[in-house]
Amino acid sequence: MVQREFAAGDQHHHPAVAPPAAVPHDINLFRPKALVAPVTKDTSTLQYKTKINQRTPLVPLDLVLDLGGQFLWVDCDQNYISSTYRPARCGSAQCSLARSNGCGDCFSSSPRPGCNNNTCGVTPDNTVTRTATSGELAEDVLSIQSTNGFNPGRNVTVSKFLFACAPTFLLQGLASGVSGMAGLGRTRISLPSQFASAFSFHRKFAICLSGSTNSNGVVFFGDGPYVFLLNVDATDLLKFTAAFYKPSQHRLRFRAREGFGGTKISTVNPYTVLEGSIFKAVTEAFITESAARNITRVGGVAPFDVCFSRENVLSTRLGANVPTIELVLQNENVKWTIFGANSVVDVGNHVLCLGFVNGGENPRTSIVIGGYQLENILLQFDLATSRLGFSSLLFGRQTTCANFNFTSNA
């Protein structure tokens with residue numbers, strides 16, 4: 001493997017030069033109001049994948065979706081061929097925008113994507129395996145479909161989309177066939193930030209994850225409407241809260257601890273992970289209320305500790321008829337209600353398990369709301385105002401996240 005060396009400085013060191021206001025891009029004659037891409041659930045890893053086109057000529061890439069990811073990173077060691085690839089040179093505006101953690105050379109007699117001299121480095125990370133490495137910052141063509149909120153429209157292009165080149169080993173632990181990860185975080189070079197800059201729309205995005213591995217969910221970049229069959233605009237269903245508020249569960253009277261506590265939403269965790277004492281409080285209450293409904297507890301099924309016989313559990317439009325769980329956010333009027341469709345997992349053999357995992361003592365984050373609890377709910381993230389919008393379970397409106405009409409009207 002070709003090794004890179006970067007000058008002293010780590011990922012927390014920021015250049016003194018103020019970052020530019022926007023990523024360089026072409027002036028598009030057609031200005032989309034929003035962008036759209038499909039999201040699928042991988043059967044074996046339960047990771048959520050999206051698809052975009054990159055390079056010249058364009059190549060479709062499958063990428064693991066990462067809500068908190070810094071930026072787009074892709075494997076450049078294998079078959080990266082593009083006539084429009086450009087490394088970000090040391091001291092450039094691109095490096096400043098990316099808050100590059102160093103500048104270095106690649107010791108190779110033949111430069112190639114991911115291995116060029118006088119380029120700035122960043123630190124791509126695989127948040128599934130919690131592995132990070134050094135990588136080259138670069139730019140290339142990226143193409144994605146526009147949308148009016150009802151259907152996909154024409155493809156639009158960002159000619160100089162910033163991303164990180166990573167070595168092949170960083171793909172370990174990701175779904176088969178993916179080329180990297182699509183970061184949707186708060187950095188200036190995340191996908192939502194670059195799209196907003198390129199097309200002059202709000203720094204917002206929304207995800208709607210399908211629970212089925214046979215159908216597409218959807219990710220939107222830009223503001224709504226976000227319309228699903230049967231003509232349901234999910235923006236009308238949104239409640240809003242501060243995105244980084246530390247929520248508590250009022251009835252059980254616990255609160256995420258300060259410091260290493262807090263709450264986050266993750267698409268790389270398949271199920272919600274709770275700090276040990278919170279897990280105990282939630283599961284004990286759920287077990288007690290289930291027993292009052294004559295729902296019988298049975299042995300755990302990995303990775304779940306709390307499971308029940310399906311006998312005496314009716315099916316409803318909102319999933320299995322089990323006790324609901326409420327997360328009280330900013331106040332009593334802003335509640336996230338978790339119904340059976342998102343709280344229990346059918347593991348077969350007439351067994352349902354509570355889809356929460358014990359995170360043990362002193363985890364970095366007290367509550368990590370995982371993918372299963374997000375399915376068939378629309379979540380809108382406003383990165384500029386740090387505000388989260390969340391809908392009710394779409395089943396209640398007789399639609400699902402798989403019901404965005406991906407039939408193009410362009």
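The following exercises, with worked solutions, concern a predicted model.

**Exercise 1.** Determine in which order the strands of the open sheet are arranged, and which strands form its edges.

*Solution.*
Step 1. The open sheet consists of 4 strands, in the order E23-E24-E30-E29, with antiparallel pairing.
Step 2. Strand E23 (297-298) and strand E29 (344-348) each pair on one side only, and these are the edge strands.
Step 3. E29 is joined to strand E30 (residues 351-354) by 4 bridges. Within this pair, Val345 has Cys353 in E30 as its bridge partner.
Step 4. Helix H3 (residues 276-292) lies across E23, E24, E29 and E30, and runs at about 10° to E24.

**Exercise 2.** Establish whether Lys41 and Glu375 are buried or exposed, and where each residue of this salt bridge lies.

*Solution.*
Step 1. The two side chains meet in a salt bridge, with a distance of 2.7 Å from N to O.
Step 2. Lys41 belongs to strand E2 (residues 34-41), while Glu375 is in the loop between strand E32 (367-369) and strand E33 (378-382); the two are 334 residues apart.
Step 3. Buried means under 20% relative accessible area. Lys41 has 12% relative accessibility and therefore counts as buried. Glu375, with a relative accessible area of 4%, is therefore buried.

**Exercise 3.** State which parts of the chain the salt bridge between Asp62 and Lys51 ties together.

*Solution.*
Step 1. The closest N and O atoms of Asp62 and Lys51 are 2.7 Å apart.
Step 2. Asp62 lies in strand E4 (residues 59-66) and Lys51 in strand E3 (residues 48-54), so the salt bridge ties together parts 11 residues apart in sequence.
Step 3. Asp62 is partly exposed at 23% relative accessibility, and Lys51 is partly exposed at 40%.

Terms used: Residues numbered from 1 in each chain as written. Predicted model: local features only at pLDDT ≥ 70, side-chain atom pairs only at ≥ 80, totals over all residues. Heavy atoms only, no water. Pairing = 2+ DSSP bridges. Contact = heavy atoms within 4.5 Å. Axes fitted to C-alpha atoms, helices over the stretch in contact; angles between N-to-C directions. Salt bridge = Lys/Arg side-chain N within 4 Å of Asp/Glu carboxyl O. Buried < 20%, exposed > 50% of the residue type's maximum accessible area, 1.4 Å probe, protein only.
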